[in-house]
Amino acid sequence: MAERTRAKRTIAEHSYDVVGIGNAIVDIIARCDDAFLSKHDLAKGFMRLIPAGEAGRLYEAMGPAIERSGGSAANTIAGLASFGAKCGFIGRVAADQFGGIFRHDIRSLGVAYDTPPADEGEPTARCLIFVTPDGERTMNTFLGTSVHFAPADIDASLIEAASIVYLEGYLFDREEAKDAFKEAARLARTSGAKVALTLSDAFCVDRHRADFLTFIREETDILFANEKEITSLYEVNSFAEAADAALADCELAVLTRSQEGSLIVADGETITVAPEPVREVVDVTGAGDLYASGFLYGLTQGAPLATCGGLGSLAAAEVIGHIGARPEASLRALAQKRGLLGE
């Protein structure tokens, strides 16, 4: 096993369970068929970054849509709030209509969100999500002002008040954002918080593999990834090889495998978690984000890792049963009903 650069840290007692940092995005979600994806050269099941002009063209081409606040880390924070966690979020929006929607939605959940809106430059980010009949989602993201996230956007007092700081890999596209992640990790270390990172997307990993590996090895305590992302990160064909490599690089890796459940690897134990049964898969948007919600909630409450995984599976199952990437039912109530949480 590779030598760790930092001593293993326990979760500290703080005012906030989790503070997330990520893209502040409004999701625009519409149903389509595979022919629509082919017509517009969209790679099914993947996320890609698009310029403002293409965002406009796709918006005009899509059918009736639902507009909801989104963003990967913001979805995770929304899920944590549904479990009853105390959370904060940091992410850039513009002083425009979509920015107002995002700000209202996340604050309405009881989440601390005080990032000042940008009054000049690009508009608030949006993600055009196309959902096919099999529930798969294809995402086309215009990052807008969120892409300009920089160390100056870090709210040091919020980071220092967190038990876990959760970082979204999608934000890793610019050097300023990478610097912001490093600053957030530095503040977390100083305050005794753990640093969690989600890889977000296999294409994102391909673009920034070397920088991701360095950040994981030097700064990350908890790594979240799906099977495509983790095998891409380590450039291996075997999921087992990738899991072993992840364990060598961080103290806890949480690896999801869609309908095959998830694998939790930590010092001295490997735990397989079965997926939660789902009556109908409607839209898989946010499944990984909500899995992270459940897992992190369990971790902040001192639950065994297997229970953390069970909470993650429960949250993921709830969100894929309806359109949209945020829970519609109380995750705390669902977890209590399943016996995963006490009253």
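This section describes the internal packing of a predicted model, covering nonpolar cores, aromatic pairs and cavities.

In soluble globular proteins, nonpolar side chains tend to be buried together. The largest nonpolar core of the model comprises 60 residues. Within this core, the residues with the most contacts are F89, F102, F130, F224, L252, I264 and F295. With residues up to four places away in sequence left out, F102 is in contact with A24, I25, V26, S69, G70, A74, F89, V93, Y113 and R326. F89, itself listed among the core residues with the most contacts, is thus one of the residues that F102 touches. Another core, of 47 residues, lies apart from the largest one; F181, L197, L223 and I230 are among its members.

A pair of aromatic rings is described by the distance of the centres and the angle of the planes. Twelve aromatic pairs were found in a search of the whole structure. In the pair formed by F46 and F203, the ring centres are 4.5 Å apart and the planes lie at 10°, so the pair is classed as stacked. This pair links distant parts of the chain, with the two positions 157 residues apart in numbering. F46 is located in the loop between α1 (34-39) and β3 (47-49), and F203 belongs to helix α7 (residues 202-219). F46 is partly exposed, at a relative accessible area of 22%. F203 is also partly exposed, with a value of 34%.

The rings of F181 and F215 have a centre distance of 6.0 Å and an angle of 50° between their planes, so this pair is tilted. Here too, distant parts of the chain are linked: F181 is in helix α6 (residues 175-191) and F215 in helix α7, 34 residues apart. F181 is buried, because its relative accessibility is 0%, and F215 is buried as well, because its relative accessible area is 4%, under the 20% cut-off. F181 and F215 also belong to a cluster, linked by ring pairs, that contains F172 and F212. F181 therefore appears both in this cluster and in the core of 47 residues.

Rolling a probe the size of a water molecule over the atoms shows where empty space is left. The count of cavities of 30 Å³ or more comes to one. The largest cavity holds about 40 Å³ of space. Its lining consists of N23, L143, S146, V147, Y170, L171, D173, R174 and A177. Of these lining residues, five are nonpolar, two polar and two charged.

Notes
Residues numbered from 1 in each chain as written. Predicted model: local features only at pLDDT ≥ 70, side-chain atom pairs only at ≥ 80, totals over all residues. Heavy atoms only, no water. 1 Å grid on protein atoms, 1.4 Å probe; cavity = no way out; pocket = protein on both sides within 12 Å on 5 of 7 lines; lining within 4 Å. Points joined across faces, edges and corners; volume = space filled by probe spheres on them. Nonpolar A, V, L, I, M, F, W, Y, C, P; charged D, E, K, R; others polar. Core = buried A, V, L, I, M, F, W, Y, C linked by side-chain atoms within 4.5 Å. Buried < 20%, exposed > 50% of the residue type's maximum accessible area, 1.4 Å probe, protein only. Contact = heavy atoms within 4.5 Å. Phe/Tyr/Trp six-rings, centres within 6.5 Å; stacked < 30°, edge-to-face > 60°. Helix = DSSP H or I, 4+ residues; strand = E, 2+ residues; numbered from the N terminus.
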